[in-house]
Amino acid sequence: MSFIRPEARIFFLKWREVLIGLVVLLLGLYWVSGSGILRWIGVAVAIGGGILMYTGLQRGRFMSERGGPGIVTVDEGEVSYYGPISGGIVSMSDLTLLTLDQVSVPPVWVLHQIGQADIAIPVNAEGAEALFDAFASLPGIRTDHLVSSLNGRSAQPVVIWAKEALTLH
């Protein structure tokens, strides 16, 4: 038996890093009001709390509702998707292009690699929240563009990231 409503549980799971960062920030600010070395430790703790809040905000905005088709796993730089119709595995180092297709229902991340079939992963697939860290590891990716594209609407696929050597024409 759970004493927490399912909606509240989902909210706290989605925004847990922001909430933890807020607590750390407030603790740091409390210590800043002290004196001596505690003041300098408080500054460092407050900065760490602010950074944790910022990254938690991006992760929270990245997460979408669950219950979509398939299962996503990320292990040592390899993304695996096991779907009801298709699936595949791609190493993040072999990825050449990452797009978001919002025309599909549900919207899908499309991972392109040379010589292999594209992998389309629904944004609400089970475990899709792990893709944020995998995508953030791509060199030169702008996570703010990643999150804003996910929360926006587009009538055509949006290029999130492309390998530098690839030309898009």
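In what order do the four strands of the open sheet run? The order is 6-5-4-8, and the pairing is antiparallel. Please keep in mind as you look around that this is a predicted model. Below, we start with the sheet, move to the helix that crosses it, and finish with a leucine elsewhere in the chain.

**The sheet and its edges**
- Strand 6 (119–122) and strand 8 (158–162) are the edge strands, each of them pairing on one side only.
- On average, neighbouring strands of this sheet are turned by 20° against each other, with direction ignored.

**Where strand 4 meets strand 8**
- Strand 4, which covers residues 95–101, pairs with strand 8 in the antiparallel sense, and four bridges link the two.
- If you would like a residue pair to look up, try Leu100, whose bridge partner in strand 8 is Val158.

**The helix across the sheet**
- Helix 5 (residues 143–151) lies across three strands: strand 4, strand 5 (108–113) and strand 8.
- Relative to strand 8, helix 5 runs at about 160°.

**A look at Leu25**
- Leu25 sits in helix 2, which spans residues 16–32.
- Is Leu25 buried or exposed? Its relative accessible area is 21%, and because buried means under 20% and exposed means over 50%, Leu25 counts as partly exposed.
- Leaving aside residues up to four places away in sequence, Leu25 touches Ala46, Gly49, Gly50 and Met53.
- Leu95 lies 70 residues from Leu25 along the chain, and the C-alpha atoms of these two leucines are separated by 37 Å.

Notes
Residues are numbered from 1 along each chain as its sequence is written. This is a predicted model: local features need pLDDT of at least 70, side-chain atom pairs count only at pLDDT 80 or more; totals for chains, interfaces and linings use all residues. Side-chain values use heavy atoms; hydrogens and water are left out. Buried means under 20% relative accessible area, exposed over 50%, partly exposed in between (1.4 Å probe, protein chains only). Contact means heavy atoms within 4.5 Å. Two strands pair if DSSP finds at least two bridges between them. Axes are lines fitted to C-alpha atoms, for helices over the stretch in contact, and angles run from 0 to 180 degrees between N-to-C directions.
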